[in-house]
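User: I'm new to reading protein structures and I'd love a close look at one part, the place where the ligand sits. Could you walk me through it?

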Amino acid sequence: MIRLYGHELSGNSYKARLLLSLLELDYEWMKVDLLAGAHKKPEFLALNPFGQVPVLVDEDTAIADAQAILVYLARQYGGEEWLPIAAEPLSRVVRWLSITAGEIRQGPESARLYHLFKATNINLERAIQRSEFILTQINNHLADREWLECGRSTIADIATFPYIALAPDGEISLDSYPNILAWIERIKQLPSFTGMPGIETAAAVG
Ligand SMILES: N[C@@H](CCC(=O)N[C@@H](CS)C(=O)NCC(=O)O)C(=O)O
């Protein structure tokens, strides 16, 4: 039995929900009421002392952190499809997991925290500047490829997708990044794709 502890507006929780859905795995959704401070209560801190969602519990194994959960699910249930084994492609995928915790966290994720959740500890000017930097980089990277790495969808796409697609929540427009807009639509067309508030499921094609 898999349980996912998260919140419906959390892009990090959504990363795990999205891969669970793409892998067509059954799981129980355990809502953690962040607004009521449930993530700082002893029961939750026993699962993740950092007091953050998401946390995935698979039988006796508890894993905190969205990127760690993606690695776990991809390797445990997805064979090589979502996470390659060979050293070079693996390192290319891991680079994007790292970018989510760096440039994307400091950029569009922070701008969203500022505008949607009224976070007071965000330097908005810096978040906008970091967003422009990483969006330009990803747009250029996608100029001659459909997916971030390996010529197919991997957890590099799943980890980076949510806070890029949610950039408009942080008043960061994606209009001048056409390759990113096309990539977002491509991800939405993956079989068993699921959305979240701010990321609507694509209309069926054909
Ligand atoms: N590095 C963690 C960050 C998780 C994170 O920032 N979670 C947010 C929700 S998206 C949270 O729980 N915030 C509450 C807090 O930090 O107190 C991950 O990638 O999962």
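User: Which side chain has an N or O atom 2.8 Å from a nitrogen atom of the ligand?

Analyst: That's Asp65: an N or O atom in its side chain lies 2.8 Å from a nitrogen atom of the ligand. Keep in mind that this is a predicted model. Asp65 has company, too. The ligand is surrounded by 13 residues, and the closest are Lys40, Val53, Asp65, Ala66 and Arg105. Val53 joins in through its backbone, with an N or O atom there 2.8 Å from a nitrogen atom of the ligand. Arg105 uses its side chain instead, where an N or O atom sits 2.8 Å from an oxygen atom of the ligand. As for how wrapped up the ligand is, on its own it has 500 Å² of accessible area, and the protein covers 76% of that.

Now let's step back to the nonpolar cores. The largest one has 55 residues, and the members touching the most others are Phe161, Ile180 and Trp183. Helix H6 (155–165) is one of the elements giving two or more residues to this core, and H6 supplies the largest share, eight residues. Domain 1 (2–77) and domain 2 (87–188) both chip in, so this core lies between them. Take Phe161 as an example: leaving out residues up to four places away in sequence, Phe161 touches Tyr14, Leu18, Trp183, Ile184, Ile187, Phe193 and Ile199. Apart from that core there's another one, made of six residues, including Tyr5, Phe44, Val53 and Val57. You've met Val53 already: it is also among the residues closest to the ligand.

Conventions
Residues numbered from 1 in each chain as written. Predicted model: local features only at pLDDT ≥ 70, side-chain atom pairs only at ≥ 80, totals over all residues. Heavy atoms only, no water. Core = buried A, V, L, I, M, F, W, Y, C linked by side-chain atoms within 4.5 Å. Buried < 20%, exposed > 50% of the residue type's maximum accessible area, 1.4 Å probe, protein only. Helix = DSSP H or I, 4+ residues; strand = E, 2+ residues; numbered from the N terminus. Domains from an automatic or database assignment. Contact = heavy atoms within 4.5 Å. Near = heavy atom within 4 Å. Polar contact = N/O pair within 3.5 Å; in protein donor to acceptor, adjacent residues only side chain to side chain. Areas by Shrake-Rupley, 256 points an atom, 1.4 Å probe, with all protein chains shown as cover.
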